[in-house]
Amino acid sequence: MDLGLNGRTVFVTGASGGIGRAIAHAFATEGANVVVGYHAGEDRAREAAARAESLGVKALPLRIDLGDPESIDAAADRALTAFGTVDVLVNNAVEWPSFPAPGERFETAPPERMRRSLRANLEGPYLLARALTGQMRAQGWGRIIHVSTGLAVDGFAGSAPYTTPKSGLHGLTRTMSRELARAGVLTNVVMAGFVVGDRSLPEAMIDQAKAAAATGRLTEAEEVAALIVYLGSAANGHVTGELIRADGHFLVA
């Protein structure tokens, strides 16, 4: 199937590792140029860009701080200057909030943890989408995918600073769909499953994650990437405003 991505430009945030790196590679495999957005890990971002370029496309490693509006605007401007257009935006990056302290309760958790997470994980993706939407509308074509989690739908004790911004992306996506779809810009949410990626995690946590999925296994980054590539392609002409799970029906009791 021709996905119509050859020569398109895709901006993937959090693309230096994990799911983001798999997304960038999957788009490059389809002939798309890739902006490899990263906040830390410049060396890994350059490696991801080089891997994309080995497939015959152009790639640009680009630092962006989603908690800093000036950094967001500068990154959007640089991407547009380098490639002329950004046809697909994948808001994949996440700033992980710190874990609750022992004995911490909902009403005693520090509000600053929530404020920081809202800024980086909700306001940041909103501002980046806002910075790139105008040229998508002008050309009559664009795709925006926000990466989220099923925990934002199901809930998980102690995760409010993480799940609340992700829930906000769900509402934002549905509003963007109503505003942008007739201009040819489709926007969706993909709720990724538990992916180990580059992290070193306790075996007990991995076993718990496997048990929480109906499939009985972890999610592979490439599985999430494949869905995102479809949603970000010309093959998707009518799916917009949707919240789609790619997590093996992951549910933590």
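**Figure 1. Threonine 240 in the loop between helix H8 and strand E7.** Threonine 240 is placed in the loop between helix H8 (221-231) and E7; helices (H or I, at least four residues) and strands (E, at least two) are DSSP runs, numbered from the N terminus. This is a predicted model, in which local features need pLDDT of at least 70 and side-chain atom pairs count only at pLDDT 80 or more, while totals for chains, interfaces and linings use all residues. Residues are numbered from 1 along each chain as its sequence is written, and side-chain values use heavy atoms, with hydrogens and water left out. When neighbours within four places in sequence are set aside, threonine 240 is in contact with Ser177, Ala181, Leu186, Thr187 and Asn188; contact means heavy atoms within 4.5 Å. The C-alpha atoms of threonine 240 and threonine 173 are separated by 8.6 Å, with these positions 67 residues apart along the chain.

**Figure 2. Surroundings of tyrosine 38 in strand E2.** Strand E2 (residues 33-38) contains tyrosine 38. Tyrosine 38 counts as buried because its relative accessibility is 9%; buried means under 20% relative accessible area, exposed over 50%, and partly exposed in between (1.4 Å probe, protein chains only). Apart from residues up to four places away in sequence, tyrosine 38 touches Ser16, Ala45, Pro61, Leu62, Arg63 and Ile64. Proline 125 is 87 residues from tyrosine 38 in sequence, and the C-alpha to C-alpha distance in space is 13 Å.

**Figure 3. Alanine 76 in helix H3.** Alanine 76 belongs to helix H3. With a relative accessible area of 1%, alanine 76 is buried. Residues up to four places away in sequence not being counted, alanine 76 touches Leu128, Ala131 and Leu132. Glycine 184 is 108 residues from alanine 76 in sequence and 20 Å from it in space, C-alpha to C-alpha.

**Figure 4. A negative surface patch that includes glutamate 70.** Asp68, Glu70, Asp73 and Asp77 form a negative surface patch. Patches are made of residues with over 30% relative accessible area and no salt bridge, like charges being joined within 9 Å and nonpolar side chains (Val, Leu, Ile, Met, Phe, Trp, Tyr) within 5 Å. Accessible areas come from the Shrake-Rupley method with a 1.4 Å probe, and for residues only the protein chains shown count as cover. Lys and Arg count as positive and Asp and Glu as negative, whereas His and the chain ends are not counted. The place of a charge is taken as NZ of Lys, CZ of Arg, CG of Asp or CD of Glu. Glutamate 70 lies in helix H3 (residues 69-83), and this residue counts as exposed because its relative accessibility is 66%.

**Figure 5. Tyrosine 162 and threonine 163 in helix H6.** Helix H6 (residues 160-180) contains threonine 163, and tyrosine 162 is also placed in helix H6. Tyrosine 162 counts as buried at 15% relative accessibility, and threonine 163 counts as buried at 10%. Neighbours within four places in sequence left aside, tyrosine 162 is in contact with Val94, Trp96, Pro97, Ser117, Thr149 and Leu151. On the same basis, threonine 163 is in contact with Leu151 and Ala152. The C-alpha atoms of tyrosine 162 and arginine 113 are 9.4 Å apart, although the two residues are 49 residues apart along the chain.

**Figure 6. Salt bridges of glutamate 104, glutamate 107 and glutamate 223.** A salt bridge is a side-chain nitrogen of Lys or Arg within 4 Å of a carboxyl oxygen of Asp or Glu, and by this rule the count comes to nine. Glutamate 104 pairs with arginine 113, the closest N and O atoms being 2.7 Å apart. Glutamate 104 is partly exposed, with a relative accessible area of 23%, whereas arginine 113 is buried at 13%. The side chains of glutamate 107 and arginine 105 meet in a salt bridge at 3.2 Å, N to O, and both residues are exposed. Glutamate 223 forms a salt bridge with arginine 217, with the closest N and O atoms 2.7 Å apart. Glutamate 223 is partly exposed at a relative accessible area of 35%, and arginine 217 counts as partly exposed at 40% relative accessibility. Asp154, Arg245 and Asp247 are joined into one network by salt bridges that share partners.

**Figure 7. Histidine 249 in the segment after strand E7.** Histidine 249 lies in the segment that follows strand E7 (243-246). Phi of histidine 249 is near 55 degrees, a positive value in a residue other than glycine. Histidine 249 is exposed, its relative accessible area being 53%.
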